[in-house]
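Reader: I should like to learn how strands, helices and aromatic rings are to be read in a model. May we take one example and work through it?

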Amino acid sequence: MKSIRQHLTASLLGVFALLLGGGSVLIYLSERVALYRELDARLQVNALAMAALTKPGRNEVEFEYPRRMDTAGGRGTVAEYYQLFAADGASLFRSPALGSIGLPKQYGTVEAPAYWNLRLPDGRPGRAVGIRFLAKNPAKIKKPEATEPEGKDKEKSSAREAKPPPEPVEVGLVLADHRQALETELNRLALILLGSGALTLLATLLLVPRILSRSLAPLNQLANHVKQLNASSLNNSFSTANQPAELAPIAARLNDLLSRLQTSFQRERQFSADLAHEIRTPIAGLQTTAEVALRYPDGNNAEALQTTLALARQMESTMSRILALARAEQSAVPVEKRPVKVAALVHEIWQTLAPVAQDRQIRGRLELIEQAQLETDPVLLRGLLSNLLANAVEYSPPASQVKVALVQNNGSLVMTVENPAPDLQAEDLPHLFERFWRKNLARNDSEHAGLGLALAKSYAELLDLDLTATLNPAGTVRFRLESDVTCSSRPHAQRS
Amino acid sequence: MKLLLVEDAKALRQAVATGLRRAGYAVDAACDGPEGQWLAESNDYDVIILDIMLPGVDGLTLLQRLRQQGRETHVLLLTAKDTVEDRVRGLQAGADDYLVKPFAFEELLARVQALCRRRYGQKSARITVENLAIDPAAKTVRRNGKVIELKPREYALLEYLALRQGEVVPRRDIEAHLYDDAADPMSNVVDSAICVLRRKLGPPQLIHTRHGHGYVLSPESL
């Protein structure tokens, strides 16, 4: 399993090692270049000095350098290894330290000498510089210029003779010196870099995980907290106070989801409790009816069976409604919108309610715009209107009037259902749409079990219709169903 | 014994009333709180069977009112509310027993009988009067070990007199406790019932008449 911490640690260490390594190499290289440049400069200076002391003479070339250096008494570094060559490659002068070994003949120009590393005759590492120049008379002192070259093997300086100035001679000079100091310096640097690099890496190896632990602690805390959640302890909300910026939105969202889950669970529990409660009494009725009939078999069995049947039907109806309600609340119902003629639907529903209305002598007054159309789901709308109208017909006092009106209002469709409700008080209004709520808490006989209006409300929400109830001073209750737009498709709203 | 049943669920109410009547009780049935209260205040019942969730006045309130009025009638709460809190609340409100729906009719019967016994201070199930043994559970009557067959009404009458054995029971009481509103009690009914009962029980006579006062069930005549 991937671990952020491990990944971070490895990446950080890797990158760090890389940077450290790269930096060290850069430092080393630049120092190396600098040191070499310094050495080369020195070599060049020495070479030029020697060149200046090379003149054309009787024997090709007069080389005053050794004598001059001796008399100078150690001012500046005395080059130990040098060799002067004629244009044809013959060796003119050779430093004593060289012995019989010759230096390689590599030349650059005076301005751009050739430099190379070599092994000195005494075995030490060295660096050589090679230039080709014209040995000149000192009359033109700036640079050693070419005069007639004549070379000699010995390093004795030739005496000046009163002759006409000789021609400049082309000469090659190779000068070498040890580079021990440079090497030592570089090695030292390398060691320092390696040592400090290693130490740094080690320290990082120790510190980085610790720092990561500390920084990732809130994440761990969050993870632990989440681990402890279970269905029965949804109360533990996450503290948003000390959360780092990255985790704060997560904590906030978790809190939000948890509270919604809790509400949902509570609703479920309440639902189960309500359901059990609702079903108990009809079941008790069934049980006792059957038990009494069995106990006294000579009694009125037909009546007992009728009662049983009625109870079974009542329970079935309750179950269906509860199920429909649960489905509606969970948005498990697909909504298919089509143009629906609302008035026709109302008429149809009213027809089915006619027997009950007649029984209770309820009069209906329907004032509907016949042509009004609504883009909605016909099945759900039927469910909504059935419950709404049935509620009115059943709870309106006997011999009263139920008024149903359908009007168009600024582009929206408004339906009202109004009936006398002498029992209702203002404080009952918020409860009207609650599940299992009935004005008279105990009416177990009704088929609706207090679910009719709750169902209507759920359907309304699914259809994006607004369903409200108001109490008029005249003692009537008025349900108002309003749609926002007529005859146009609306996007199916997401239920949270 | 006379019972009051207050239950709003029609099917249940009718089934329970029928069953209890068949078992020999006189039963008055009410379908809501106010009616129940009125009946309870107007009559003297041996046991009141009371649903809690009632229209109008809920069962617990009704119970508290009756207790406040000083009525000691035994009350059995019959309800769908089944949690411990509900039971405790019910009993603390003054109920004598608590039965949760759905229930077995037999259990209801047994509990009602127990409460009736308590009414008359009868602890043990069996009632004995000299050589007469009455088993209320089995509804059997033996005299000298021999079983006596009685119709339910006759049995009820005998049981009632036996529970109040040694007491002179006015005819009024017998009417009140043995006949519900369904029957139409005329003075004759009680007398003829006593007559039949005496005949069935056989000599020596256990039920004695106190003219002008009532009847008494006791071993010897006073």
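**Reading a sheet, a helix and a ring pair**

Author: We begin with two strands of this predicted model: β10(B) is joined by 2 bridges to strand β12 (residues 214–217) of chain B, and the two run antiparallel. One residue illustrates this, B:V169, whose bridge partner in β12(B) is B:Y215.

Reader: In what order do the 3 strands of the open sheet in chain B lie?

Author: In general, the strands of a sheet pair through backbone hydrogen bonds, in a parallel or an antiparallel manner. Here the order is β10-β12-β11 in chain B, with antiparallel pairing. The edges are formed by β10 (168–169) and β11 (207–210) of chain B, each of which pairs on one side only.

Reader: Which helix lies across these strands, and at what angle to β12(B) does it run?

Author: An α-helix has 3.6 residues a turn, so residues three or four places apart point the same way. In this case α6(B) lies across β10, β11 and β12 of chain B, at about 75° to β12(B). Helix α6 of chain B comprises residues 152–163 and reaches 16 Å from its first C-alpha to its last. Of its 12 residues, 10 are buried, including B:Y155, B:L158 and B:A162.

Reader: How many aromatic pairs does the structure hold?

Author: Such a pair is described by the distance of the centres and the angle of the planes. There are 2 over all chains. In one of them, the ring centres of A:F433 and A:F479 are 6.1 Å apart and the planes stand at 75°, so the pair is edge-to-face. Both A:F433 and A:F479 are buried. A:K457 lies over the face of A:F433, 5.0 Å from the ring centre.

Notes:
Residues are numbered from 1 along each chain as its sequence is written. Chains are lettered from A and ligands numbered from 1 in the order in which they are written. This is a predicted model: local features need pLDDT of at least 70, side-chain atom pairs count only at pLDDT 80 or more; totals for chains, interfaces and linings use all residues. Side-chain values use heavy atoms; hydrogens and water are left out. Helices (H or I, at least four residues) and strands (E, at least two) are DSSP runs, numbered from the N terminus. The expected span of a helix is 1.5 Å times one less than its number of residues. Buried means under 20% relative accessible area, exposed over 50%, partly exposed in between (1.4 Å probe, protein chains only). Two strands pair if DSSP finds at least two bridges between them. Contact means heavy atoms within 4.5 Å. Axes are lines fitted to C-alpha atoms, for helices over the stretch in contact, and angles run from 0 to 180 degrees between N-to-C directions. Rings of Phe, Tyr and Trp (its six-membered ring) pair if their centres lie within 6.5 Å; planes under 30 degrees apart count as stacked, over 60 as edge-to-face and the rest as tilted. A charge sits over a ring if NZ of Lys or CZ of Arg is within 6 Å of the ring centre and within 35 degrees of the ring normal.
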